[in-house]
Amino acid sequence: MYSKVVKMKILNAIQLKEVDQLTIAAQHISSLELMERASFALTQAIERDLKDVSGYSFAVLCGSGNNGGDGLAVARMLQDKGAAVQVYLLKASRYSDDNLQNQKKVHPDFIKSFEAGQPPEISKDAIILDCLFGAGLSRPLDESYRALIESINNHPNYILSADLPSGLQADVINAADAIVVKATKIYTFHSPKLAMLLPQHQEWVDKYEVIDIGLDPQAIRQQHVDHYYVTEQWASAKLKARNRFAHKGSFGHALLIGGSYGKIGAVRLSATAAARSGCGLVTVYIPGCGYTPFQASVPEIMVLTDSNNNHIANYPAIKPYTAIGVGIGMGQEGPTGTAFVKLMRSLTSDTRLVLDADALNLLATRQDLMANLPPNTILTPHPKELKRLIGEWTDDMEKIEKVQNFTSLHQVIIIVKGANTMTVLPNGGLYFNSTGNAGMATGGSGDVLTGIITSLLAQGYAAEDAAILAVFLHGAAGDAARKEWGEESLIASDLITSLGKAFQHLRSSRIF
């Protein structure tokens with residue numbers, strides 16, 4: 001039996017501080033020992049990335065709090081591994097107790113103090129390790145820090161940040177002109193911080209890695225959250241085993257409705273992705289113009305055609321199918337819109353449904369049809385489609401709130417596509433994805449995702465699991481494709497080609 005995997009919670013700064021204290025009590029350790037553990041894990045991660053730290057020099061910038069204490073401990077550990085290390089300690093009227101303890105463990109010759117308004121001169125060959133401010137930062141940095149942060153951002157070598165880039169507040173929207181370190185990579189403790197996952201902060205967050213520091217599981221379970229981070233471990237546990245006595249009927253029958261003259265390729269991508277995601281049978285309903293190219297190019301897919309040669313003007317009976325995906329490349333021509341209304345009014349409460357692309361655009365113009373959506377219908381908008389559904393927002397926090405209100409009101413699931421794609425459930429739960437890359441920002445990528453979701457729904461996955469797992473697999477396929485083709489050359493078809501690798505990788509982490 002594969003063990004149950006607990007979801008990774010995204011904790012806020014207050015919760016993280018509480019979990020630290022509960023961990024210290026439960027594990028009978030001191031706060032200094034927990035700091036040592038976190039610093040050791042961070043040092044290991046840096047060493048793994050650089051292969052051999054003994055060939056590098058480091059400038060470790062430390063603040064007065066525990067983030068600075070982490071930096072002092074890492075500096076000592078890097079020195080022990082043969083790296084050339086210089087610590088730059090920000091002058092302060094008071095330092096945390098653990099920071100002071102770690103100052104004593106570094107030889108004074110390797111610590112230089114400096115004022116915020118007088119940035120230290122750092123060798124251009126040194127890698128900067130930013131440990132000035134962490135998740136506990138409760139207010140924006142003021143102008144007295146601008147020169148320091150700008151000097152860091154202008155550094156020609158790698159800039160690494162511990163836990164968070166200094167200046168980035170963990171749980172709020174940071175102003176566009178906020179004074180924040182632009183790190184090459186962030187090593188964040190326990191889980192990503194919410195601010196790291198929001199598109200609005202893309203200027204300050206690029207690569208990051210989550211570092212496990214052994215926080216107490218029971219202490220984490222006690223924390224109530226709405227935000228989660230989808231890990232490979234969770235996705236692997238959710239992937240269903242395939243019975244060796246199963247047949248094609250055991251794995252569902254997906255119907256994908258869409259296409260229009262010049263956009264038949266969108267349905268082809270979606271249908272092929274559905275077949276590649278384990279669905280037993282896949283049928284498409286397309287305009288007549290797509291019949292010959294579809295039958296010739298994808299023999300595994302069954303094809304039904306509309307009486308209209310160029311557009312969808314009708315819909316087939318949907319009862320024979322275990323899940324339906326609608327909207328891919330469909331267009332919004334007059335007959336298509338009329339037929340869409342009829343389809344929506346024919347749905348039953350047990351219809352397993354995915355709406356994408358033009359189905360969402362048509363729905364946005366007829367929001368009275370929301371009442372016809374079966375519970376847990378999955379909507380997959382890109383940002384512009386999302387605005388048509390929920391209206392404008394002023395920042396990412398308001399966007400999240402409006403999406404949560406929408407999913408709760410209509411009892412639907414919304415997948416907000418983009419970096420760290422968000423899946424928002426009717427109960428307000430929000431799942432940030434951990435896979436994917438910028439190479440996936442290409443035409444047809446969303447069509448592939450719709451095919452994967454519809455396939456998993458057809459196979460009997462719970463709607464929320466189908467949505468979250470499909471997003472993870474879609475991103476994992478993109479990551480596998482990037483290794484072979486690079487980001488610039490990646491096209492949507494490469495995602496389908498790489499789906500097998502994504503599934504195999506998840507399977508490989510299971511014992512049985």
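This passage walks through an open sheet, a helix packed on it, and a set of annotated positions further along the chain. The structure is a predicted model, and everything below should be read with that in mind.

The sheet comes first. Seven strands make it up, lined up as β4-β3-β2-β5-β6-β7-β8, with parallel pairing. The sheet is open, and its two edges are taken by β4 (111–114) and β8 (207–211). Each of these has a single partner strand, so one side of β4 and one side of β8 go without a neighbour in the sheet. Going from one strand to the next, the twist averages 20°.

At the β4 edge, the partner is β3, which covers residues 84–90. The two strands run in the parallel sense and are joined over four bridges. Within this pair, Tyr-88 sits opposite Lys-112 of β4.

Helix α2, spanning residues 31–50, lies across a good part of this arrangement. The strands it crosses are β2 (57–62), β5 (127–131), β6 (159–162), β7 (185–189) and β8. Relative to β7, the helix runs at about 150°.

Further along the chain, UniProt lists residues 231–506 as "domain: YjeF C-terminal", in an unreviewed entry. In the model, this span is 45% helix and 13% strand. Its end C-alpha atoms lie 11 Å apart.

Also from an unreviewed UniProt entry comes a "binding site" annotation, which names Lys-417, Gly-418, Ala-419, Asn-420, Thr-421 and Gly-446. These positions are spread over 30 residues of sequence, yet they cluster in space, with a largest C-alpha distance of 14.3 Å.

Two of the listed residues make a nice contrast in how they are placed. Ala-419 is in the loop that links β16 (413–416) to β17 (422–424), and Asn-420 is likewise found between β16 and β17. Ala-419 has a relative accessible area of 66%, and because the cut-off for exposed is over 50%, Ala-419 counts as exposed. Asn-420, on the other hand, comes in at 16% relative accessibility; this is under the 20% limit, so Asn-420 counts as buried.

What surrounds Asn-420? Setting aside neighbours within four places in sequence, Asn-420 is in contact with Met-196, Leu-197, Tyr-208, Phe-432 and Asn-433. One of these contacts is polar: the side chains of Asn-420 and Tyr-208 come together at 3.0 Å. Tyr-208 falls within β8 (207–211), the edge strand described above, so this polar contact ties the β16–β17 loop to the strand at one edge of the seven-stranded sheet.

Notes. Residues are numbered from 1 along each chain as its sequence is written. This is a predicted model: local features need pLDDT of at least 70, side-chain atom pairs count only at pLDDT 80 or more; totals for chains, interfaces and linings use all residues. Side-chain values use heavy atoms; hydrogens and water are left out. Two strands pair if DSSP finds at least two bridges between them. Axes are lines fitted to C-alpha atoms, for helices over the stretch in contact, and angles run from 0 to 180 degrees between N-to-C directions. Contact means heavy atoms within 4.5 Å. UniProt positions are given in the numbering used here, feature names are shortened, and annotations may be inferred rather than shown by experiment. Buried means under 20% relative accessible area, exposed over 50%, partly exposed in between (1.4 Å probe, protein chains only). A polar contact is a pair of N or O atoms within 3.5 Å; within protein, one must be able to donate a hydrogen and the other to accept it, and residues adjacent in sequence count only if both atoms are side-chain atoms.
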